[in-house]
Amino acid sequence: MNDRPSPAVVPEDADALRRRLGFLMRDSARLMRRRFIQLAREAGLPLNQSEATTLVHIAHEPGLHQVTLAGRLDVEPIMVVRLLDSLQQQGLIERRSHETDRRVRTIWPTPAAYPVLKAIDLIRGAVRREAVRGLSETATEQFLDTLVTIRANLTGLDRQIER
C-alpha cells in the first residue's frame, strides 16, 4: 500500500502559495488598505478606510439608495447604516427621503465632503503610485486591463449563480 498522500493534498511550500492569484490579489489589496490608512492618519483625514470608500461611492452617485450602496460595498445593510451614521455625524453626508417612495432613503454628499474627497483622492493616488513603482506605464495599463478582464469574468459567473 502506498502511504504517500495524493498530489492534491500535498501542502505547497510557502513560495508556491504566495504566487497564487487569489493570495496575491487579496494580500496586495490588504497592503494598499494598510498604506492608505497610514497616509490618511498622517494627513489628519478623519475617516477610516470603510468610511472613505463609502463616501467615494456616494460622491460618484449622489442620491444612491442605502440598499444599493450595501450591494456595491458587498456588506450587509446594517453595516452601511453604521457607516452612514458616522459620515452623517461628521457632516459629510445627508440622508433624504426618496421623491416617490418615502420608505427609501437616498444619500447625498454635503459641501463639507468635497475637501475630504480631494484628500482621499490624493492619498489614493499616492498609494497607487507606490504600488506600481517600477512598472512602466504600458505594464501598468496591461495589468489594469488584466484585472478588468478577471473582474468581468467573475462578475459574469456571479450573475449566473444569482439566477
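**Exercise 1. Find where confidence is lowest and where it is highest among the elements of this protein.**

Solution. Confidence bottoms out in helix H1 (residues 14-17), with a mean of 68. The highest value belongs to helix H6 (residues 113-131), at 96. The model is predicted, and its mean pLDDT is 87. Of its residues, 85% reach 70 or more. Where pLDDT is low, the predicted coordinates should not be read in detail.

**Exercise 2. Classify the packing of H4 against H5, then describe the contact.**

Solution.
Step 1: take the geometry. Helix H4 (residues 66-73) packs on helix H5 (residues 77-89) at about 105°, and the axes lie 9 Å apart.
Step 2: apply the cut-off. Angles of 65 to 115 degrees count as roughly perpendicular. H4 and H5 are therefore roughly perpendicular.
Step 3: list the partners. H4 contributes Gln66, Leu69, Ala70 and Leu73. H5 answers with Pro77, Val80, Val81, Leu83 and Leu84.
Step 4: sort them. The contact of H4 with H5 has eight nonpolar residues, one polar and no charged.

**Exercise 3. Repeat the analysis for H3 and H5.**

Solution.
Step 1: helix H3 (residues 49-60) and H5 pack at an angle of about 85°, with 10 Å between their axes.
Step 2: H3 is therefore roughly perpendicular to H5.
Step 3: on the H3 side are Ser50, Glu51, Thr54, Leu55 and Ile58. They meet Leu83, Leu84, Ser86 and Leu87 of H5.
Step 4: the contact of H3 with H5 divides into five nonpolar residues, three polar and one charged.

How values were computed
Residues are numbered from 1 along each chain as its sequence is written. This is a predicted model: local features need pLDDT of at least 70, side-chain atom pairs count only at pLDDT 80 or more; totals for chains, interfaces and linings use all residues. Side-chain values use heavy atoms; hydrogens and water are left out. Axes are lines fitted to C-alpha atoms, for helices over the stretch in contact, and angles run from 0 to 180 degrees between N-to-C directions. Helices (H or I, at least four residues) and strands (E, at least two) are DSSP runs, numbered from the N terminus. Angles under 35 degrees count as roughly parallel, over 145 as roughly antiparallel, 65 to 115 as roughly perpendicular and the rest as oblique. Contact means heavy atoms within 4.5 Å. Ala, Val, Leu, Ile, Met, Phe, Trp, Tyr, Cys and Pro count as nonpolar, Asp, Glu, Lys and Arg as charged, and the others, Gly among them, as polar. pLDDT is the predictor's confidence in each residue, from 0 to 100.
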